[in-house]
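Here is a short guided tour for the bench. Keep the viewer open as you read, and follow the residues by number.

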Amino acid sequence: MTAKINTGPPLGMRHVQTLLLFFNITCLYVGRLNVGVSVVAMTNAESTNPNFPEYDWTLTQRSLIISSFFWGYIITQFLGGYLCKRYGVKSVMFWGSFASGVCSALTPLFIGFGGWQAYCGIRVLMGCAQGLIFPCIHQHLARWSPPAERNRLGALSHTGIECGNVCAMFLSGMIAKSAIGWPGISYVSAGLAFAWCALWFVFAANNAVESRFIGEAELLYIESSLKHSEDYHKTVIPVPWMAILTSAPFLALMVARCCESWGLSTLQGQIPTYMNGVLDMDMKSNAFFSALPFLAMWIMSYVYLITADVLLAGNRLSLTALRKTFNSLAFWIPCATLIGIGFLDKEQKNLAIALMTISVGFNSGATIGSSLNTIDLSPNHASILMGIVNTAANVVPIVTPLMVAVIVHEDKNRGEWQIVFMIAAVLFFIGNCVFLYFGTAVSQPWDAEDYLTAKEPDLAIPPVIHEADKGSEGPPKKALM
């Protein structure tokens, strides 16, 4: 007779935490990405609501506005990783999200008295606030997700990226066209952020032990599956900086995320301008078709999620093989479609929209493919890894709008946009090649709690061991259980 395996309740507080993370990411992305539509609305009032001020900003100034968020965003990534380990995820995420909401609420006021320079300034502050949050999200997932469910819960929470993209593109365009005009985009974003803060304050907890609402069965399930020491939640584990920064799998992940960031930020920030210029689409249809690729991305994220669950449950693929397969689809299909997009003009707008939708839709596989890989490599230092990766990856969105400003002198010039899309395609291809060769989903030796103190540190326990993994990661290591 075999002992009954504790799988915990099918629905519990771990799912509530996942849902809270989903809504948080959605709200953050709405506030972050609505700038693409807002800038078009503010510089072309006739296409939205002419009752609000119109600004004569150059393409370079618009590019600076779009990229300015990331000037602040990269500054606080490391800080976010440190603060959530020091003070807990709940406090850091609350204040970061609240500050982001305040910045959204103040945006129309700043633009009114300071023009595009003030717009850049408030976007920098918003970036600083949001930069604290993503390292916290990965740390929260590592503390709340049993290893067997980590891929599923992590992917579910990150579908907020796609949901936020859709809302930022589609709803922002509708709001700009409405009675509240382009200022309403900022006010709605602020309201969403404040509503989330209220929910987070009530239901969030740094870990299962601290939760007021968790049941005993679920608490036992989560804590027993994580296999850590008794005083784990009260201990700050030293960070093995040298081991992390010289780890080939981690460096491969960082290269892949930077290349993906280039391609996706090009699409996110420039789709409204490209459609308005090259495809000659007005704001109302622009809003819908700008959102369409990200609606496909949102739908495809669930297709990837269900497929991953089936493949892992049946031990058809190891977690490493799954991540590399999904990452290849997410990188190489957009690589091909971006090249095709560059050769199309307004006479072929339907084909251009179709290719762009395919490109962005398939790219949603990058969440399972590589984004969650920080938790695979080191559950104990997930926030630190995410801080490093996100700092590097988000330098890229600062550069891409500036690069577009250098290349695209006339936003109706198809040849200039062709160069923009070609660069993104090449980086998609190279980034995945590096990840295929060096990447892995096996927890690294430096994840061990006693790595910096033990003379012969044990390897950390991998998040999930599947039958298909046996023999796929090289010869067995002495300390690997």
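## Starting at Tyr55

Tyr55 is buried, because its relative accessible area is 18% and the limit for buried is under 20%. This residue belongs to a predicted model, so please read every value here as computed from that prediction. To find Tyr55, look in the loop between helix H2 (35-43) and helix H3 (59-73).

What does Tyr55 touch, not counting residues up to four places away in sequence? The partners are Met42, Thr43, Ile111, Gly112 and Trp182. Val39 is 16 residues from Tyr55 along the chain, and their C-alpha atoms are separated by 9.1 Å.

## The chain as a whole

Stepping back, the chain has 19 helices and zero strands. Of its 481 residues, 60% count as buried. Contacts that span the sequence are well worth a look too: among those between residues at least 6 apart, 82% join residues at least 24 apart.

## H4 and what surrounds it

Helix H4 (residues 77-87) is a good place to go next, and it packs with H5 at an angle of about 150 degrees, with the two axes 8 Å apart. H4 and H5 are therefore roughly antiparallel to each other, since angles over 145 degrees count that way. Their crossing is right-handed. On the H4 side, Gln77, Leu83, Cys84 and Tyr87 meet Val89, Ser91, Val92 and Gly131 of H5.

Which residues of H4 are buried? They are Gln77, Gly80, Gly81, Leu83, Cys84 and Lys85. The cover over these buried residues includes H3, H5, H6 and helix H17 (382-393). After H4 comes Gly88, with a positive phi near 100 degrees. Toward the end of the numbering of this helix, Arg86 lies over the face of Tyr87, at 5.1 Å from the ring centre.

## Aromatic rings along H5

Now to the rings. A pair of aromatic rings is described by the distance of the centres and the angle of the planes. Searching the whole structure gives 21 aromatic pairs. One of them joins Phe94 and Phe201, a tilted pair with 6.1 Å centre to centre and 55 degrees between the planes. This pair links distant parts of the chain: Phe94 is in helix H5 (residues 89-131) and Phe201 is in helix H8 (residues 181-203), 107 residues apart. Is each ring buried or exposed? Phe94 counts as buried because its relative accessibility is 17%, whereas Phe201 is exposed, with a relative accessible area of 56%.

Another tilted pair is formed by Phe110 and Phe113, at 5.4 Å centre to centre and 50 degrees between the planes. Both residues lie in helix H5, three residues apart, which is about one turn of the helix. Phe110 counts as partly exposed at 23% relative accessibility, while Phe113 is exposed, with a relative accessible area of 60%.

Phe94 and Phe201 also belong to one aromatic cluster, together with Trp95, Phe98 and Phe194. Phe201 has a charged partner as well: the charged end of Lys90 sits over its ring, 5.6 Å from the centre.

## Two further helix pairs

Helix H6 (residues 133-144) packs with helix H7 (residues 150-177) at an angle of about 150 degrees, their axes 10 Å apart. H6 and H7 are therefore roughly antiparallel to each other, and H6 passes H7 in a right-handed crossing. From H6, the residues Phe134, Ile137, His138, Leu141 and Ala142 meet Arg150, Leu153, Gly154, Ser157, His158 and Ile161 in H7.

Farther along in the numbering, helix H13 (residues 319-341) and helix H14 (residues 349-363) pack at about 165 degrees, with their axes 8 Å apart. H13 and H14 are therefore roughly antiparallel to each other, and H13 passes H14 in a left-handed crossing. The H13 side of this contact is made by Leu329, Ala330, Ile333, Pro334, Thr337, Leu338, Gly340 and Ile341. Facing them from H14 are Ala352, Leu355, Met356, Ile358, Ser359, Phe362 and Asn363.

Technical notes: Residues are numbered from 1 along each chain as its sequence is written. This is a predicted model: local features need pLDDT of at least 70, side-chain atom pairs count only at pLDDT 80 or more; totals for chains, interfaces and linings use all residues. Side-chain values use heavy atoms; hydrogens and water are left out. Rings of Phe, Tyr and Trp (its six-membered ring) pair if their centres lie within 6.5 Å; planes under 30 degrees apart count as stacked, over 60 as edge-to-face and the rest as tilted. Helices (H or I, at least four residues) and strands (E, at least two) are DSSP runs, numbered from the N terminus. Buried means under 20% relative accessible area, exposed over 50%, partly exposed in between (1.4 Å probe, protein chains only). A charge sits over a ring if NZ of Lys or CZ of Arg is within 6 Å of the ring centre and within 35 degrees of the ring normal. Axes are lines fitted to C-alpha atoms, for helices over the stretch in contact, and angles run from 0 to 180 degrees between N-to-C directions. Angles under 35 degrees count as roughly parallel, over 145 as roughly antiparallel, 65 to 115 as roughly perpendicular and the rest as oblique. A crossing is left-handed if the near helix is turned anticlockwise from the far one by less than a right angle, and right-handed if clockwise. Contact means heavy atoms within 4.5 Å.
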